[in-house]
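I sat down with this one to see how its helices pack and where a few odd residues sit. Here is my notebook, in the order I went.

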Amino acid sequence: MTRTLKIVLGALAGVVVIGAVAYFFVLPQFVPYVFHGQTIQSNQAAPSVELDGPNGSTVRLTDYEGQVVVLYFGYTFCPDVCPITLSKLDRAMDILGDKAEDVQVIMVSVDPLRDTPEVLEQYMAHFNPDFIGVTGDADAVDRIATVYGVYYEAAEGSEATGYLVNHTATVMIVDKDGYLKLVLPFEGTAEEMAADLGYFLR
Amino acid sequence: MKRHALFAVVLALSLLAGACSSSGSDGIVVDDPWGRASPMAANNGVFYMTIEGSNVDDRLVAAYASVCGATELHQTIMTDGVMRMQHAETGIEIPAGGEAVLAPGGYHVMCINKDVEFKTGDIIPVTLTFEKAEMQTVDAEIREG
Amino acid sequence: MFGSRCSIGLRFTGTMPEYIDRLRCRYWAERRSLNSRKLIWWIGIPGVLLVIGVMAFAIFEPIQVLPRIRLSPGYLLEDQAGQSFTSEDVRGDIVLYTFRYSGCGDECDGLDQTMIDVQRRLGEVDMGDTDFRLVTISFDPATDTTEVLTAEADAFGADGVEWRFATGEEAHLANVVKAGFKVWYEEQEDGSFSFDPTLILVDGWGVIRGEYEYQTLKSDADKIIHHLDILTEEIRNANGAAGLAYEAAHLFLCYP
């Protein structure tokens, strides 16, 4: 092999190495992260939440400053949709691993008549021991659902079920500083949720 | 002569037997019935399955499980982020040669006021009533979902 | 250019020490001939172009965006036809909200005229596939029954589809208008209401993009139409790579 050839090959190898380093390590720093939901850049803190939580405690959103809070509005009576979202969130916690310590999942019940704090506590524990459920009187729940853009309505069910609650099934993400940053649609996968949460846990 | 007669009888009997067993391949087949694990704190449970149609259009009209206070067929309808549940009063259609899918986010059997906790691994028998085909009882396996 | 002193040729011939000598020679030769003129060409011009580019971007703002202020509230109201009307019914549409009551007199003239003006001038904006809706919410459900709302709506030419008048239960309204839209209103002793005349623009994703405290007729309708332009432009273009540029604009640019 002639010396020229060696130099050329050496240069080529160098280019490939530099290119690989640039592509895998440098470029990703410059491409903005794309979320899987609707971002909000409000400069106003997320609306306060003050509802009854497990063990007679009062749960406030501000209690979780420093943690990322995931807010979901649902109710225990629906066996299909609400468990799907909570299972996905549980899997997202698994994917996040240690980082999940800094995430708090809270479900606000839009069915305060049937969902007492005791029922909610047992229900949430089934999905993940760290998840909590909160509720309150009708007006408190109405205010919080309203300011979080959640529509909910008691609709007629059958004789056996009693009323069913139609509701917006989106998931809200509040960052560590208490600002509502992201609204995830129901259709998202656990992996997408984990990726987006991971961004706020950096 | 006797041998021919014997042969004819055996042939006739076997044909009859064949005729009786042929209904199996044209009937309704229920695939993978399962239910979601659910604590007692949750009032209701849910079952899912895939129902393969027979050679005629049919309909699942009812379901029954002894552990449920009441059992109903429901459909979850998601439009633009809003979740609604509707009682499928006329049942669930099973097109001939096609299938009806009861899966998360869509049609499901709702077990109302369940008496027991649904634990992963449990088997719960669910009896399905069809409009035309015969009733079937399937064993739904409880999973994490 | 460098003179034959360095016998340049970067081809590797001869021995390594000789080759290094030649490289060294060329390096020094080049250094000497690097003068300010070269610097101007190689550094100055790209630098100036960059500065001009940034200034042009800031001045001409090829990409403009409206701020995502906060989430629009969820609500369950009843419209002028007595039908249930919820926040989900307008998901996907751009909506302009305003808040008043039927007993409002002259103080509402400007506000009302702005809504009428915006509806009239909608043709100036290329809405694309997005629908535009106007919603007037009454915070006086006691007086503004379905009949009253219908009469009001008719007076304004509000057809109940593109422009709806709606109201709801008092407690819920307080949450929706005061806590959600952050518009203040208060019933006075004589039954009239004091309130902040406000218009609020919400996009199809349920995010509040504009809050307009009513000032004068012309400037309000002008500003709203201009903002609608910006918003529909963003909706039209925010796909793929262009979408990234819009996200960057949200982060870096000042808002109009």
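The entries below go from helix packing to chain contacts and then to single residues.

**Entry 1: two helices in chain A**

I kept in mind from the start that this is a predicted model. I began with helix α2 (residues 81-96) and helix α5 (residues 190-200) of chain A, whose axes lie 8 Å apart at an angle of about 55°. An angle of that kind falls outside the parallel, antiparallel and perpendicular ranges, so I noted α2(A) and α5(A) as oblique to each other. The crossing of α2(A) past α5(A) is right-handed.

Which residues meet there? From α2(A) I listed A:K88, A:L89, A:R91, A:A92, A:I95 and A:L96, and from α5(A) I listed A:A190, A:E191, A:M193, A:A194, A:L197 and A:G198. Sorted by class, this contact of α2(A) with α5(A) holds eight nonpolar, one polar and three charged residues.

**Entry 2: the buried face of α5(A)**

I stayed with α5(A) and asked which of its residues are buried. They are A:M193, A:A194, A:D196, A:L197 and A:F200. Looking down the axis of α5(A), I found these buried residues within an arc of 165°, so they line one face of the helix. Their cover includes α2 of chain A, along with the strands β4 (68-74), β5 (103-109), β9 (171-174) and β10 (180-184) of chain A. A:M193, A:A194 and A:L197 are thus buried and also take part in the contact with α2(A).

**Entry 3: α5 of chain C**

Next I turned to helix α5 (residues 170-180) of chain C, where C:H172, C:L173, C:N175, C:V176, C:V177 and C:G180 are buried. Those residues span an arc of only 170° around the axis, which puts them on the same side of α5(C). C:E170 and C:A171 are exposed on the other side of α5(C).

What do the buried residues of α5(C) pack against? I found β2 (76-79), β4 (94-100), β5 (132-138) and β7 (185-187) of chain C, together with α4 (138-147) of chain A.

**Entry 4: a helix pair across chains A and C**

That partner from chain A deserved its own look. The axes of α4(A) and α5(C) cross at roughly 40° and come within 9 Å. That angle makes α4(A) oblique to α5(C). I noted a right-handed crossing for α4(A) and α5(C).

On the α4(A) side I wrote down A:D139, A:D142, A:R143, A:T146 and A:V147, which meet C:A171, C:H172, C:N175, C:V176, C:A179 and C:G180 in α5(C). The residues of this contact of α4(A) with α5(C) divide into four nonpolar, four polar and three charged. C:A171 was a nice detail for me: C:A171 is exposed and still belongs to the contact with α4(A).

**Entry 5: chain A against chain B**

How many residues of chain A touch chain B? I read off 27 residues of chain A in contact with 25 residues of chain B. On the chain A side, the elements giving two or more residues are α2, α3 (117-127) and β8 (164-168). By class, that side of chain A has 15 nonpolar, eleven polar and one charged residues.

**Entry 6: chain B on its own**

Chain B has two helices and ten strands, and along the sequence the pattern is α-α-β-β-β-β-β-β-β-β-β-β. Of its 145 residues, 35% count as buried. Among contacts in chain B with a separation of 6 or more, 68% join residues 24 or more positions apart.

**Entry 7: positive phi values**

I then looked up two backbone angles. B:D32, a residue other than glycine, has a positive phi near 50°. B:D32 sits in strand β1 (residues 29-36) of chain B, and counts as exposed because B:D32 has 11 C-beta neighbours inside 10 Å.

C:K182 has a positive phi near 60° and is also not a glycine. C:K182 follows α5(C), in the loop between α5 and β7 of chain C. With 17 other C-beta atoms within 10 Å, C:K182 is partly exposed.

**Entry 8: C:D203**

Is C:D203 buried or exposed? I counted 22 C-beta neighbours inside 10 Å, so C:D203 counts as buried. C:D203 lies in the loop between β9 (198-202) and β10 (207-213) of chain C. Leaving aside neighbours within four places in sequence, C:D203 is in contact with C:I94, C:R209 and C:L231.

Methods. Residues numbered from 1 in each chain as written. Chains lettered and ligands numbered in written order. Predicted model: local features only at pLDDT ≥ 70, side-chain atom pairs only at ≥ 80, totals over all residues. Axes fitted to C-alpha atoms, helices over the stretch in contact; angles between N-to-C directions. Helix = DSSP H or I, 4+ residues; strand = E, 2+ residues; numbered from the N terminus. Parallel < 35°, antiparallel > 145°, perpendicular 65-115°, else oblique. Left-handed = near helix turned anticlockwise from the far one by under 90°. Contact = placed C-beta atoms within 7 Å. Nonpolar A, V, L, I, M, F, W, Y, C, P; charged D, E, K, R; others polar. Buried ≥ 20, exposed ≤ 12 C-beta atoms within 10 Å, placed from the backbone. Arc of directions from axis to C-beta.
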